[in-house]
Amino acid sequence: MESSSKRFFLPIFILLLFSILLSGCLGSQGPDIVVIDSWARPSPKMASSGAVYMTIENKGNEDDVLIGVDGDVSKAVEIHEMVIDDNNVMHMKPVEGQRLVIPAKSKVELKPGGYHIMLIGLKNQLKEGDVVDLTLRFEKSGEIKVQAPVKPMEGMGAMGG
Ligand SMILES: [Cu+2]
C-alpha cells in the first residue's frame, strides 16, 4: 500500500515542482524597476533649486516610463535633461512631456551633465547629511520611494555644490 502510493505521488510532486518553476519564470514578465545610487547635491545658501541624481535600472523584459516625481522638499519637482542648443551652449530643460523611458533590460543614469531631478523652489537649504525623500511615479511599476542622501559631487571634495 505504501509503495504504491509513493509511485502514484512522485510524478505529481515532480509535476508540481515544474509548474512552480515555470510560473516563477512567467512571473518575471513586465518591467522590474530598481533605483540605486541616489544622491542630492548640496545647495548653495541662497539657491532656490537643487538636483537629485540616481541610476534607474529596469531588470524586466518590458519598458517602463518615469512619468513624474513627488517630494515635499520643494514647491515643484521636475524631470530635467541637459541639452546643447544651436549656439553650442549647454543648458537644461524639462524632459518632453515629463516622460523618461527606462528600456527593458537596461538602465538610465541621472547624473551631472545629463538627466536629473530638479527641485524647484527649495524650502530649505540642502546640507550634507540631509536626506531628500522623493516618490518616483512609473507608468507600469507605480510608485517607488527613494531616499537620496545629500553629499558632495564625487571627486570634487569640498568644492561640491
Ligand atoms: Cu534642471
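These are my notebook entries on a predicted model of one chain, written in the order in which I looked things up.

**Entry 1: the overall make-up**

I began with the elements of the chain, and I found that the secondary structure comes to 1 helix and 10 strands. Reading from the N terminus on, I wrote the order down as α-β-β-β-β-β-β-β-β-β-β, with the helix ahead of the strands. I then looked up burial over the whole chain, and buried residues make up 21% of its 161 residues. For the contacts, I took those between residues at least 6 apart in sequence, and 68% of them join residues at least 24 apart.

**Entry 2: confidence**

As the model is predicted, I checked the pLDDT before going further, and the chain averages 89, with 88% of the residues scoring at least 70. Over residues 157–161 the pLDDT is below 50, and this stretch has 11 contacts in the model beyond near neighbours in sequence. I have left that stretch out of the entries below.

**Entry 3: the open sheet**

Next I asked in which order the strands of the open sheet are arranged. I found 4 strands in the order β6-β3-β9-β10, and the pairing is antiparallel. At the edges stand β6, residues 100–102, and β10, residues 142–149, each of which pairs on one side only. From one strand to the next the twist averages 40 degrees.

I then went through the sheet pair by pair, starting from β6. Between β3 and β6, which run antiparallel, I noted 3 bridges, and in this pair V65 has V101 in β6 as its bridge partner. On to the next pair, where β3 and β9 are joined in the antiparallel sense over 4 bridges, and where L66 stands opposite F138 in β9.

The last pair is β9 with β10, and here I noted 8 bridges joining strand β9, residues 131–138, to its antiparallel partner. These two strands form a hairpin, with 3 residues between them. Along this hairpin I looked up two positions: V132 stands opposite A148 in β10, and the bridge partner of L134 in β10 is V146.

**Entry 4: the nonpolar core**

Which residues of the largest nonpolar core touch the most other members? Of its 23 residues, I found that these are A40, V52, I117, V132 and L134. I had already met V132 opposite A148 and L134 opposite V146 in the hairpin entry.

I also looked up where the core residues come from, and at least two are supplied by each of β1 (33–40), β2 (49–58), β3 (64–70), β4 (74–84), β6, β8 (116–122) and β9. The strand that gives the most is β2, with 4 residues.

To see one core member more closely I took V52 and listed its contacts, not counting residues up to four places away in sequence: S38, A40, H116, I117, L119, V132, L134 and A148. This list includes A40, I117, V132 and L134, which, like V52, are among the core residues that touch the most other members.

**Entry 5: I36 in strand β1**

I36 is found in strand β1, and I wanted to know whether it is buried or exposed. I36 is exposed, because 10 other C-beta atoms lie within 10 Å and the cut-off for exposed is 12 or fewer. Leaving out residues up to four places away in sequence, I36 touches M54, T55 and E57. I also looked up a pair distant in sequence: I36 and E109 are 73 residues apart along the chain, and their C-alpha atoms are separated by 9.6 Å.

**Entry 6: two positive phi values**

Finally I looked at backbone angles, and I noted that D37 has a positive phi of about 55 degrees although it is not a glycine. D37 lies in strand β1, and it counts as partly exposed because it has 13 C-beta neighbours inside 10 Å.

I also noted K105, a residue other than glycine whose phi is positive, near 50 degrees. Where does K105 lie? I found its place in the loop between β6 and β7, the latter covering residues 106–110. K105 is partly exposed, with 13 other C-beta atoms within 10 Å.

How values were computed:
Residues are numbered from 1 along each chain as its sequence is written. This is a predicted model: local features need pLDDT of at least 70, side-chain atom pairs count only at pLDDT 80 or more; totals for chains, interfaces and linings use all residues. Two strands pair if DSSP finds at least two bridges between them. Axes are lines fitted to C-alpha atoms, for helices over the stretch in contact, and angles run from 0 to 180 degrees between N-to-C directions. A nonpolar core is a set of buried Ala, Val, Leu, Ile, Met, Phe, Trp, Tyr and Cys residues joined through C-beta atoms within 7 Å. A residue is buried if 20 or more other C-beta atoms lie within 10 Å of its own, exposed if 12 or fewer, and partly exposed in between; C-beta atoms are placed from the backbone. Two residues are in contact if their C-beta atoms, placed from the backbone, lie within 7 Å. pLDDT is the predictor's confidence in each residue, from 0 to 100.
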